[in-house]
Amino acid sequence: DQGGSYVNKLSWEPYLNWNGGVTSYNIYRVLGSNSPVLITTVASNILKYEDDISQFSASSSDGKFCYYVEAQESSNQFFISETSKSNKVCTEPQEIIFIPNSFTPNNDGLNDTFRPIIGFANFNNYTFRIYNRLGQVIFESNDIFIGWDGEYKDTLLTDEVLIYEVLIETTGGRPIKKIGHFTVF
């Protein structure tokens with residue numbers, strides 16, 4: 001369950017079939033094809049965990065988060081401690097697409113480029129275009145990290161209202177198209 005923009009909420013049933021009982025639960029996160037990473041261990045009486053995924057929102061993470069829980073047995077009458085893993089469960093958080101409504105390409109180091117900020121989406125299928133009021137494409141990029149510097153044909157545009165178009169896909173392949181306007185100051 002994704003409980004908020006940047007938190008995945010996990011819950012599970014207690015493991016009941018061991019002679020020694022459960023001492024703790026290990027919680028693992030798997031991102032994409034990476035190896036599982038132990039993110040925390042909780043006591044046996046805790047059956048919930050909230051994973052703050054905000055550190056991944058603006059990165060190259062495409063947003064698929066998988067989890068499993070591993071129960072740790074207390075030493076039983078045979079002096080053995082076992083482990084048991086749950087099924088793996090995956091979730092894809094809602095994509096984040098933030099597009100500013102203005103920018104100032106005046107080389108002061110603040111807001112000098114215009115680009116969307118996107119997280120939890122498929123960056124392999126990305127197109128960003130800017131159109132002038134005549135409908136001409138004045139900038140286009142397929143790189144999520146490259147923005148427009150405010151120039152068209154070696155001229156810095158100022159006091160203009162322009163149109164942007166962003167085409168991207170969710171991690172599940174659903175196309176997203178965002179169109180709007182912004183102002184260059």
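Hi everyone, let me start with a single residue: N111 is exposed, at a relative accessible area of 54%. This asparagine sits in the loop between β10 and β11, and its phi is positive, about 55°, although it is not a glycine. Please keep in mind that we are looking at a predicted model.

N111 has company. N107 is found in the loop between β10 and β11 as well. This residue also takes a positive phi, about 60° here, and again it is not a glycine. Is N107 buried or exposed? With a relative accessibility of 72%, it counts as exposed.

Now for the sheet next to that loop's starting strand. Five strands make up an open sheet, in the order β10-β17-β16-β12-β13, with mixed pairing. Its edge strands are β10 and β13, residues 137-141, and each of them pairs on one side only. Strand β10, residues 102-103, pairs with β17, residues 175-184, in the parallel sense over two bridges. On that side, S102 has T183 of β17 as its bridge partner.

How many bridges join β16 to β17? There are ten, and these two strands run antiparallel, with β16 covering residues 160-169. To give you some register points, Y164 has G180 of β17 as its bridge partner, and L167 has K177. The hairpin of β16 and β17 has five residues between the strands, and there G173 takes a positive phi near 95°.

Let's go back to the loop between β10 and β11, this time for F114. The structure holds 14 aromatic pairs. One of them is F114 with F128: the ring centres are 6.0 Å apart and the planes lie at 35°, so the pair is tilted. It links distant parts of the chain, with F114 in the loop and F128 in strand β12, residues 122-131, 14 residues apart. F114 is buried, at a relative accessible area of 0%, and F128 is buried at 0% too.

F114 also forms a tilted aromatic pair with Y164, at 6.3 Å centre to centre and 45° between the planes. Why does this pair tie together separate parts of the chain? Because F114 lies in the loop between β10 and β11 while Y164 is in strand β16, 50 residues apart in sequence. Both F114 and Y164 are buried.

Finally, which residues form one aromatic cluster with F114 and Y164? The other members are F103, F128, F139, W148 and F182. So from the same loop, we have N107 and N111 exposed, and F114 buried. Thanks, everyone!

Notes. Residues numbered from 1 in each chain as written. Predicted model: local features only at pLDDT ≥ 70, side-chain atom pairs only at ≥ 80, totals over all residues. Heavy atoms only, no water. Pairing = 2+ DSSP bridges. Helix = DSSP H or I, 4+ residues; strand = E, 2+ residues; numbered from the N terminus. Buried < 20%, exposed > 50% of the residue type's maximum accessible area, 1.4 Å probe, protein only. Phe/Tyr/Trp six-rings, centres within 6.5 Å; stacked < 30°, edge-to-face > 60°.
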